[in-house]
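Subject: Structure handover and findings

Hello,

Please find the structure below. My notes on it follow.

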Amino acid sequence: ETTIDNASRDHRLRVAFPTDVASDCGYAGQPFDVVRRPVQPENVNRLEEGEMEPWFGWQPMQDFCGIADEKRGATLAADGVLEYEILPMRNTVCLTLIRATDRLHVGVLGVGSKFKLPCAQLLGEQKYRYAFIPHGPGYEEALQVVERFRHPCYAVQKDFLEEESMPDYAAPRPDLPPSGGFLRVEGTAIASALKPAENGEGTILRFYNPLEREIEARVFALAPFELREARAVRLDETDLSPLNIEDSSFTVRLSAKKIFSARLDLALRRVRAESPPRQLS
C-alpha cells in the first residue's frame, strides 16, 4: 500500500519493478481475456515505412499485468490502477499511480473550458494498493493469487439489525450451519459473474478460460447446497443445452479464450439446529 500527498500538477508517477525476464512481450488482464503485447521498443519515436504514428508503450489493464519466459515470471496485481508499461531496460514492469492532467486530449481541437478536468490533477492524498507476484513460467500460476489479492474475504461481526429491535420481530429458523459454502469452480477458469437469472428462475454462473489452450473446469455445489440441474446458456441467458450432473457437480471443457455461462438450479438442504449438550448428573 502506498500513500502519496500529491502537490504537483501535470506529471506522471509510476512504480517500477525490474524483472530481467527473457521475453519480448508481456501480458495484461482485460475483460474476459488476457492479452499479450510487445515490450516497448528501444526507440518509440521511430516510424517504420507505412506507419502513421509512433508506437507507444503504455497500455490499459483491468486487474494485472506482467511478463514471463520459459523459466520464470513476474506479475503485478492492482486495485483501480489501469495503466502499465514494460520498458526494455531489464524488462521493467511499470505501474502508473498518478497521471495528473487538467484536460481531455481529443486532438488539435481539444481546447476550451468544456475540455477542462481540474479534478484529474489528483491533488491531495492518494492511496494505492498493488502486489508484486513472482512465479514460474507463464501467467497461470499467478491467476489465483491475483483473485485473492483483489477480492479478499473479510470477517464481519454482526451485532443486530434494525428490524431486530421491532416488538414483533421473530428470529429466523436456523437453516445454515456455522460453516459451509456455496459454489466452487476448480481449474484455471476465472469466475466473472454469479447472479440471479433475469427471469427469476435459477442462478447464472459465468466464467471464462484465460489461457491460450483448452482447459477443463469443474463446478460443484458445497454443503449445505446441492446442485439439482444445470444448463448451458448464452450471454442473454437463453438456453443452449443441459449439462450432465454427477455428485452435485458438472465438468466442461473450454477452448482457448472461451466464455461459458450456465443456469443452475440450487437447493438448500435443511440443516437442523444442534441440540444443546446433555447435562451429566
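Which residue's side chain meets that of Arg-12 in a salt bridge? The partner is Glu-83, at 3.5 Å from N to O. Please keep in mind that this is a predicted model. The pair joins distant parts of the chain. Arg-12 sits in strand S2 (residues 12-17) and Glu-83 in strand S8 (residues 83-87). They are 71 residues apart.

Glu-83 has another partner, Arg-99. Here the closest N and O atoms are 2.8 Å apart. This link also spans distant parts of the chain, from S8 to strand S9 (residues 92-99). The separation is 16 residues. Arg-12, Glu-83 and Arg-99 thus belong to one network of salt bridges.

Accessibility within that network is worth a look. Glu-83 is buried, at 14% relative accessibility. Arg-12 is partly exposed, with a relative accessible area of 32%. Arg-99 is partly exposed too, at 38%.

A pair elsewhere has another setting. Glu-125 forms a salt bridge with Lys-127, and their closest N and O atoms are 3.9 Å apart. That pair counts because the cut-off is 4 Å. Glu-125 is exposed, at 55% relative accessibility. Lys-127 is exposed as well, at 63%. The count for the structure comes to 18 salt bridges.

Next, the cysteines. How many disulfides does the structure hold? The count is 0. Why does Cys-65 have no bond to Cys-94? The sulfur of Cys-94 is the closest cysteine sulfur to that of Cys-65, but it lies 9.2 Å away, which is too far for a bond. A disulfide needs the two sulfur atoms within 2.5 Å. Cys-65 is buried, with a relative accessible area of 0%. Cys-153, in contrast, is exposed, at 80%.

Now Gln-30. This residue lies in strand S3 (residues 25-30). Is Gln-30 buried or exposed? At 15% relative accessibility, Gln-30 counts as buried, because the limit for that class is under 20%. Its side chain reaches the backbone oxygen of Pro-60 at 2.7 Å. Leaving aside residues up to four places away in sequence, Gln-30 touches Val-35, Arg-37, Pro-60, Met-61, Gln-62 and Tyr-208. Pro-60 therefore appears both as the polar partner and in the contact list.

Last, the empty space. A search of the whole structure finds 1 cavity of 30 Å³ or more. The largest cavity holds about 60 Å³ of space. Its lining includes Gly-26, Tyr-27, Arg-37, Pro-38, Trp-55 and Gly-57. Tyr-84, Glu-85 and Ile-86 are also among the lining residues. Which elements give two or more residues to this lining? They are S3, strand S4 (33-38) and S8. S8 gives the most, with 3 residues.

Some residues and elements recur across these notes. S8 holds Glu-83 of the salt-bridge network and also contributes to the cavity lining. S3 holds Gln-30 and is on the list of lining elements. Arg-37 touches Gln-30 and lines the cavity.

If you open the model, I suggest starting at Glu-83, with its bridges to Arg-12 and Arg-99. Then go to Gln-30 and its contact with Pro-60, and finish at the cavity.

Best wishes

Key. Residues are numbered from 1 along each chain as its sequence is written. This is a predicted model: local features need pLDDT of at least 70, side-chain atom pairs count only at pLDDT 80 or more; totals for chains, interfaces and linings use all residues. Side-chain values use heavy atoms; hydrogens and water are left out. Helices (H or I, at least four residues) and strands (E, at least two) are DSSP runs, numbered from the N terminus. Buried means under 20% relative accessible area, exposed over 50%, partly exposed in between (1.4 Å probe, protein chains only). A polar contact is a pair of N or O atoms within 3.5 Å; within protein, one must be able to donate a hydrogen and the other to accept it, and residues adjacent in sequence count only if both atoms are side-chain atoms. Contact means heavy atoms within 4.5 Å. On a 1 Å grid over the protein atoms alone, a cavity is a set of points where a 1.4 Å probe fits but cannot get out, and a pocket is an open set with protein on both sides within 12 Å along at least five of seven lines; lining residues have an atom within 4 Å of a point. Grid points are joined across faces, edges and corners, and a volume is the space filled by probe spheres set on the points.
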